Amino acid sequence: MPARILLVRHGQTEWSRSGRHTGRTDIPLTEEGRRTALLLGERLAAGPWQGLPDVEVRTSPLRRAAETAELAGFGGRAKEWDALLEWDYGDYEGLTPAELQDLRPGFHIWRDGVPGGESPAELAARADEVVAWARAAERDVLVFAHGHVLRTLGARWLGYDPAFAASLRLDPASLSVLGWAYGAPAIERWNDTGHLG
């Protein structure tokens, strides 16, 4: 069976809790974020995952993702990879969606991009790099990263334009699985937070 890619969005931070765009600002998890990362680890240690002993693990180098990997039990196996960094929001770093609407009425990040940061096409190119790596793997892979880059990964896995990622909600400490159906790329599981109770 072809390799699948398991996606974990990092646990909650103060900025994710308040809805602020958190690209390259390197902030830690909240206590709630650490708690949910531990719960995710418990879930992956149990059936049917059984600790994913053969999986190859990569993480964004930003500490909220790396800390989630560590708390979930994969820190010693995870290699940092810049391709998994969150979208560089440039001039819009730290702003909330409401603040962006005040600044630019009608603004839609997936359509409009951000000044001083990455374009949607540049983000998609990084996602394509991760997709190519995962599809070339001989075993399942597990990545710890961020909301917008993982949503873009989902869109690109399916062969869609990066703007499709706007339709893929992704909560902190969620688990998603991209795999195959009838030989074509498919979503096996998306935004699964069942381990959070």
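**Working around the sheet**

Start with one pair: Thr59 has Glu80 as its bridge partner in β3. The model is predicted, with local features needing pLDDT of at least 70 and side-chain atom pairs pLDDT 80 or more, while totals for chains, interfaces and linings use all residues. Numbering starts from 1 along each chain as its sequence is written, and side-chain values use heavy atoms, leaving out hydrogens and water.

**Exercise A**

Work out how β2 is joined to strands β3 and β4, and whether its faces are covered or not.

*Solution.* Helices (H or I, at least four residues) and strands (E, at least two) are DSSP runs, numbered from the N terminus.
- Take β3 (residues 78-80): three bridges join this strand to β2, and the two run parallel. From β2 the chain goes through helix α3 (residues 63-71) to β3, a right-handed β-α-β crossover (clockwise from the first strand over the helix to the second, with the strands pointing away from the viewer).
- Now β4 (residues 141-145): here four bridges make the link to β2, again parallel. Thr59 sits opposite Phe144 of β4.
- Finally, the faces of β2 (residues 56-59): both are covered, with Glu56 and Arg58 on one side and Val57 and Thr59 on the other, all buried (under 20% relative accessible area, 1.4 Å probe, protein chains only).

**Exercise B**

Give the strand order of the sheet and find which strands stand at its edges.

*Solution.*
- Strands pair if DSSP finds at least two bridges between them. The six strands run β3-β2-β4-β1-β5-β6 in an open sheet with mixed pairing.
- β3 and β6 (184-192) are the edges: each has a single partner strand, so one side of each lacks a neighbour in the sheet.

**Exercise C**

Describe how α6 and α7 pack, and what surrounds Leu153.

*Solution.*
- Two packed helices are described by the angle and the distance between their axes. For α6 and α7, the axes come within 9 Å and cross at roughly 65° (lines fitted to C-alpha atoms over the stretch in contact; angles run from 0 to 180 degrees between N-to-C directions).
- Next, the residues that meet: Ala127, Val130 and Val131 are among those of α6, and Val149 and Leu153 among those of α7.
- Then Leu153: beyond its neighbours within four places in sequence, Leu153 is in contact (heavy atoms within 4.5 Å) with Leu7, Leu84, Ala127, Val130, Val131 and Leu178.

Terms used. Buried < 20%, exposed > 50% of the residue type's maximum accessible area, 1.4 Å probe, protein only.
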